[in-house]
Structure formats: C-alpha cells, structure tokens
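Please read the sequence alongside the coordinates shown below. The text after them goes through the packing, the strands and the enclosed space in turn.

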Amino acid sequence: MSDNLTRLNKYLSEAGYCSRREADRLIDAGRVTINDTVPEMGTKVAPDDVIKVDGEIIGERKQDFVYLAFNKPVGIVCTTDTRVEKDNIIDFINYPKRIFPIGRLDKPSEGLILLTDDGDIVNKILRASNNHEKEYIVTVDKPISQTFIQRMAGGIYIEELKQRTKKCVVKKIDKHTFSIILTQGLNRQIRRMCEYLNYEVQTLKRIRIMNIKLDIPIGKYRELTKEEFKTLSKLISDSKKTFQPNQRRHRKN
C-alpha cells in the first residue's frame, strides 16, 4: 500500500497545479484538503483520495506540459496569488491553462522569465540555481569605473542577507551600462551589490536564463522550442521529462 502513496506537495506538482515549494505554502496556509480534511505538512495521499485547493478538486494530468518564455514588463509582479497582487504575472499573460513562474524577477525589473505547469522542472531548475547562468544588462546612475567592475565581479558581502555574492562575469558596455552573468539568485542581488558600491540601478533587464535567450517583444511570450528544451534538460541533468512543444515560435497573448 505504501508504494502507492505520494507526498501531497509532489501530487500537486505532478498534477500541474503549482511547484512543490508553492504547494508547501498552500498546505501550510490550510488551503489544501484531503477528503475534506486539512492535512499536516508531509502528508501522503493515496490514488483514491480527493485533493482540493480552495475547494477546487485537483485531478491527474491529462495534457502535455506547457513551457513558456516571457518578456516581463516593469511593474508586473512574479506571483501566482492573484487575490493579493493586482499587477500579477498570471493575470497579465492570461494564459488559458494554469501556469506559474520559475523563480522571480522583481517588480522594477524587466526581461526574461520562464513559466510552466510542470512542477517537477521548477524544482530541478531552482535546485540548480547556484550553478546555472542568468545574464542581465544594467544601467546605473553614474559613470562606471574599473574598480566598480572588479569589485562587482569579485564578490560583495551583502549585510542584509549575511552572505557574500559568488564571483561573476561583469563587462562594461558604455559609460553607465554593464552586463553581468550570475550563477546564484539572492534577493535583489544586483541592486544590493550596486548599492554597496554607492551606485543606484536605473534599469535592469534579464536577457538570458541558461540557454534560453530573450528574443521577443516586451509583454509577449512564446513556447520553448524542441532544441531549447533538449539543451535545458541536459543542463538540469536529472530531468526525466519528455516534451513535444508547439512549433510556432511566437505565440502572442
């Protein structure tokens, strides 16, 4: 019997409702029930159990997973809680299926973010978050010095987070603009690094996540190509998913 049991957060993830991390938050908030009873964290479910979130029955997946690349505008918040945040990414995209963002891009920033309904791949990408590359183009409020570039690249201790940033690749583009490639994702990392060096970020755009490049207009999204997903799967080598994406390159919202 125990072989047929699945952890509740894994069940919600595999059903395409949300990531395991988000599932844990829903369970902790008492918004998930098993057979109309609020469960404890870590509870396992059997195949004949009835799982609900906010009273909605969550069943087994019957369709293929969705994998989207989206060019997020400034002002949009990367949250699935549409009840609290009116300028949320889910309502903005208005995709016909339930999807959720992989990671975050803060409200004042713009650029590439991935969305999916595959909770397992969310976990695999986030688990690899200290290893995979994310590239940004940043403008600041005053001329960039060579010292600034060297110190940004060498790592900066962020007092609020009690953590030093990892070494990264930083290149000056022009007087006020630089590119930076991170292999970690601390909260407001680039902004905090700049603030430490007495620079203020004016604009921040993410242009790449691992092998996925930003190539669509702001506010638009597209499905990942077969080639992109194949390479992405290799980069998160524990991925066991198969994927048959739509061949249309640019699917507009």
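The following paragraphs start from the nonpolar cores and then move outward to single strands, a sheet, a cavity and a loop residue. The model is predicted.

Where does the nonpolar packing gather? As background, nonpolar side chains in soluble globular proteins tend to be buried together. Here the largest nonpolar core has 36 residues. V138, F148, M152, F178, I180 and C194 are the members with the most contacts inside this core. Two or more residues each are given to the core by the strands β6 (67-72), β8 (110-116), β9 (134-140), β13 (177-182) and β14 (201-209), and by the helices α3 (89-93), α5 (146-154) and α6 (189-196). The largest share comes from α5, with 4 residues. There is also a second core, separate from this one, with 33 residues, and L26, Y67, L112 and I212 are among them.

I180 shows how one core residue is surrounded. Setting aside residues up to four places away in sequence, I180 touches K134, E135, Y136 and V138, as well as M152, C168, V169, V170, I190 and M193. One of these contacts, C168, is itself buried, because its relative accessible area of 13% is under the 20% cut-off. C78 also counts as buried, since its relative accessibility is 3%. A search of the whole structure for disulfides finds 0.

The strand β6 can be taken next. How many of its 6 residues are buried? The count is 6 of 6, so by the under-20% criterion the strand is mostly covered. In a regular strand, side chains alternate between the two faces of the sheet. In β6, Y67, A69 and N71 point one way, while L68, F70 and K72 point the other way, and all are buried. The list of buried residues in β6 therefore includes N71 and K72, each being under 20% relative accessible area.

Two strands pair with β6. With β8 the pairing is antiparallel and runs over 6 bridges, and F70 has I113 as its bridge partner in β8. The strand β16 (residues 221-223) is also antiparallel to β6, joined to it by 3 bridges. In that pairing A69 stands opposite R222.

An open sheet of 3 strands is found in the order β2-β4-β5, again with antiparallel pairing. The edge positions belong to β2 (32-34) and β5 (56-57). Each edge strand has a single partner strand, so one side of each is left without a neighbour in the sheet. Between β2 and β4 (residues 51-53) there are 3 bridges, and I34 stands opposite I51 there.

What space is enclosed by the protein atoms? The count is 1 cavity of 30 Å³ or more, and the largest cavity has a volume of about 40 Å³. Its lining is made up of Y67, L68, I102, L114, L115, I121, I125, L224 and L232. The elements that give two or more residues to this lining are β6, β8 and α4 (119-127). Y67 thus appears in the lining of the cavity and also in the second core, and β6 gives residues to the lining as well as to the largest core.

The last stop is N88, in the loop between β6 and α3. Is N88 buried or exposed? N88 counts as buried because its relative accessibility is 1%. Apart from neighbours within four places in sequence, N88 is in contact with I76, V77, T79 and T82.

Notes. Residues are numbered from 1 along each chain as its sequence is written. This is a predicted model: local features need pLDDT of at least 70, side-chain atom pairs count only at pLDDT 80 or more; totals for chains, interfaces and linings use all residues. Side-chain values use heavy atoms; hydrogens and water are left out. A disulfide is a pair of cysteine sulfur atoms within 2.5 Å. Buried means under 20% relative accessible area, exposed over 50%, partly exposed in between (1.4 Å probe, protein chains only). A nonpolar core is a set of buried Ala, Val, Leu, Ile, Met, Phe, Trp, Tyr and Cys residues joined through side-chain atoms within 4.5 Å. Contact means heavy atoms within 4.5 Å. Two strands pair if DSSP finds at least two bridges between them. On a 1 Å grid over the protein atoms alone, a cavity is a set of points where a 1.4 Å probe fits but cannot get out, and a pocket is an open set with protein on both sides within 12 Å along at least five of seven lines; lining residues have an atom within 4 Å of a point. Grid points are joined across faces, edges and corners, and a volume is the space filled by probe spheres set on the points.
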